[in-house]
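Student: Got a minute? I'd like to go through a structure with you.
Tutor: Sure. Let's have it on screen.
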Amino acid sequence: MRRTHNCNRLGTADVGKEVVLMGWVQRRRDHGGVIFVDLRDREGLTQVVFNPEIEPQVHEKAHDLRNEYVLGVRGTVQPRPEGMINPNLPTGTIEVMVNELRIFNAAETPPFLIEDRIDVSENVRLKYRHVDLRRSRLQKNLITRHRAAQNVRSYLNKSGFLELETPMLTKATPEGARDYLVPSRVNPGKFYALPQSPQLFKQLFMIAGFEKYYQIVRCFRDEDLRADRQPEFTQIDVEMSFVGEEEIMEMTEGMMAQLFDEICGIELPRPFPRLTYAESVARYGLDKPDIRFDLELTDLSDIMKDVGFKVFAGAVKSGGVVKAINAKGCIDFSRKELDDLTEFVSIYKAKGMAWIKVREDAWQSPIAKFFSDPEKAAITERLNIEPGDLILFGADSEKVVNESLGHLRNHLGKRLGLIDENAFAFTWVTEFPLAEYDPAEKRYDPLHHPFTAPMDEDMEMLETDTGAVRAKAYDLVLNGFELGGGSIRVHRTDIQRKIFEAIGLKPEESEEKFGFLLSALDSGAPPHGGIALGFDRLIMLLCRESSIRDVIAFPKTQKAACLMTDAPSDADKKQLDELSIRVRMMD
RNA sequence: GGGGGCGUAGCUCAGUUUGGUUAGAGCGCCGGCCUGUCACGCCGGAGGUCGCGAGUUCGAGUCUCGUCGUCCCCGCCA
């Protein structure tokens, strides 16, 4: 028996043909006489029919069929009788009258039905992932993932990039995320680290003269999980020589444009909008703005610095800010809803949330009494206030106000239905700070990574005002998700040493950790830079899913476990002995 | 490390507020009937460690404490 067609293939043009289909029993409808089976394969469903008047023995055998049995059937394509066409099925105009049935395998009753509309809890889905993966939603997602990967490869290939591999067993890095360690049997007591990204290797490819590199590559970070974060994830990793930021952004836009055009038939407007980091944080509160809707943050610090309301004036005087969101037409929010919003911003360390309901005649607000008429006029003008509006305030340090109002903005955008769920709104965020002061460690920490080049005009501040130096770094943001980021790298040893110094690495430390890089830079390094895009997140958004677990075949739970294989698990004593490892549980 | 939600039949959930008879429903499953269904239909049936462990009580799915798992978030992570 040899398969002739897939289960989405047959139509009225095939009537009369003898065909062989193979697949799984999606559903059996036994009418006592005639038995219908929907046969499912990767491509779709076809109704096959067992008729006792045509093949009694085959019909008899079909009584035993159950869901998820694996079959091969031989039969004749025939048109459905008058009025029996199923418009919901691509193959709904025909059916296959079976004259030979092979049961390749019986199946246990599955833990849940293989249908998209069946709602199943995540732990059941992950435990029986092989069953979950039979459902069409996940099949479609993984097929989209495959097509996207091929599309990206084709774009980069035709643009002259080389797909080059980098090691999975590599060296631990001092900064950044926690590493996954792998013990070395041959070198007792020593460890490899799994790569957090191929960052240094791709730079070394540039130094070696390959000029354009890419890889769709697995990366590992031992940090806590989120809906959009897994401990192992896939990156589209790119690096180019003899280019600046413009070329990398253009290349990336071209890649996204081709991808969305060929995978979804969507023409992305280009060039993508750009915001500087400062502008993004000022207007949206976050460095990954969702620009599908307005509801922007407005700075009122100058107006508030002398008002009678101590919380506002005090925030400004102690170096903080007062900002507000005008939720147009939301005057009807109840006390409970306002309390909920206050609780929401408290997640982001906001100590409270003042509000004003703008009535026709007056402001209804616990804080209205603190404002003079000129102050009210200034606020009204700045926020473009009209009757019916609800004004929500944040007053605190810049960081707290921006983060809390930024997340509040996203929250309200969803709640008020301001977001076009069909839109794909890309934006670049540029001119990131090179480093951020870490008060706990009393040093500057690179925002991106320590190989990022400072902007030329800020170079002099490297030693004097490190926190103010902007970097040649850029993030690509899609619908409020950070899709990825990159930078132009440092390609001169003297500057690289200065940066290591600025972030608190002692010369001997930089030599120990990154000596190979410094030496490589000295060997004739071209100017270079690149970008890395989170492939899982990209596919998640492309598939309009809300968790990357739905676009990863075998994902981990929030505690980084695989419920199907039960990894991680204990190691045999013998294995540990070979690795010279003794496990001691800390309390 | 922290905050919150969930955990009852194979699956999804009700019951927990206010402790009290034999823990229910839908879907699925099993059996019977049924020759045109496609979420087939009708009749019948089986199926429970109420996550786990202590405690309070005459009595715990329900109250208390602990613990485990899972999801969302903060921290962490680019």
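Tutor: One definition to begin with. Ala, Val, Leu, Ile, Met, Phe, Trp, Tyr, Cys and Pro count as nonpolar, Asp, Glu, Lys and Arg as charged, and the others, including Gly, as polar. Also, keep in mind that this is a predicted model.

Student: OK. How many nonpolar, polar and charged residues does the surface near RNA strand B have?
Tutor: That surface has 22 charged residues, 14 polar ones and 14 nonpolar ones.

Student: And which residues come nearest to RNA strand B?
Tutor: Out of 50 residues around the strand, the nearest are R27, E53, M84, E95 and E223.

Student: Which helices or strands each supply at least two residues there?
Tutor: Two strands and a helix do: β1 (18-30), β2 (35-40) and α2 (122-127).

Student: What part of the RNA faces the protein, sugar or phosphate, or bases?
Tutor: Both. Take the atoms of RNA strand B within 4 Å of the protein: 55% are sugar or phosphate, and the rest belong to bases.

Student: Which side chain has a polar atom 2.6 Å from a base nitrogen?
Tutor: That's D224, with RNA strand B supplying the base nitrogen. R80 also places a polar side-chain atom by a base nitrogen of the strand, at 2.7 Å. For R229, a side-chain N or O atom is 2.8 Å from a base nitrogen of RNA strand B.

Student: New topic. How much space is in the second largest pocket?
Tutor: About 630 Å³. It is lined by 18 residues, and those closest to its centre are Y180, L181, V182, D222 and P568.

Student: Where does the largest share of that lining come from?
Tutor: From strand β7 (residues 181-183), which gives three residues.

Student: What about the classes in the lining of that pocket?
Tutor: The lining has 14 nonpolar residues, four charged ones and no polar ones.

Student: Now E267. Where is it?
Tutor: E267 sits in the loop between α6 (245-264) and β11 (274-276).

Student: Is E267 buried or exposed, and why?
Tutor: Exposed, because its relative accessible area is 73%, and the cut-off for exposed is over 50%.

Student: How far apart are E267 and I581?
Tutor: In sequence, 314 residues. In space, 55 Å from C-alpha to C-alpha.

Student: Last one. What pLDDT does chain A average?
Tutor: It averages 95, and 100% of the residues score at least 70. For the complex, the predictor gives an ipTM of 0.94 and a pTM of 0.95.

Note on methods. Residues are numbered from 1 along each chain as its sequence is written. Chains are lettered from A and ligands numbered from 1 in the order in which they are written. This is a predicted model: local features need pLDDT of at least 70, side-chain atom pairs count only at pLDDT 80 or more; totals for chains, interfaces and linings use all residues. Side-chain values use heavy atoms; hydrogens and water are left out. On a 1 Å grid over the protein atoms alone, a cavity is a set of points where a 1.4 Å probe fits but cannot get out, and a pocket is an open set with protein on both sides within 12 Å along at least five of seven lines; lining residues have an atom within 4 Å of a point. Grid points are joined across faces, edges and corners, and a volume is the space filled by probe spheres set on the points. Helices (H or I, at least four residues) and strands (E, at least two) are DSSP runs, numbered from the N terminus. A residue is near a molecule or strand if one of its heavy atoms lies within 4 Å of it. A polar contact is a pair of N or O atoms within 3.5 Å; within protein, one must be able to donate a hydrogen and the other to accept it, and residues adjacent in sequence count only if both atoms are side-chain atoms. Buried means under 20% relative accessible area, exposed over 50%, partly exposed in between (1.4 Å probe, protein chains only). pLDDT is the predictor's confidence in each residue, from 0 to 100.
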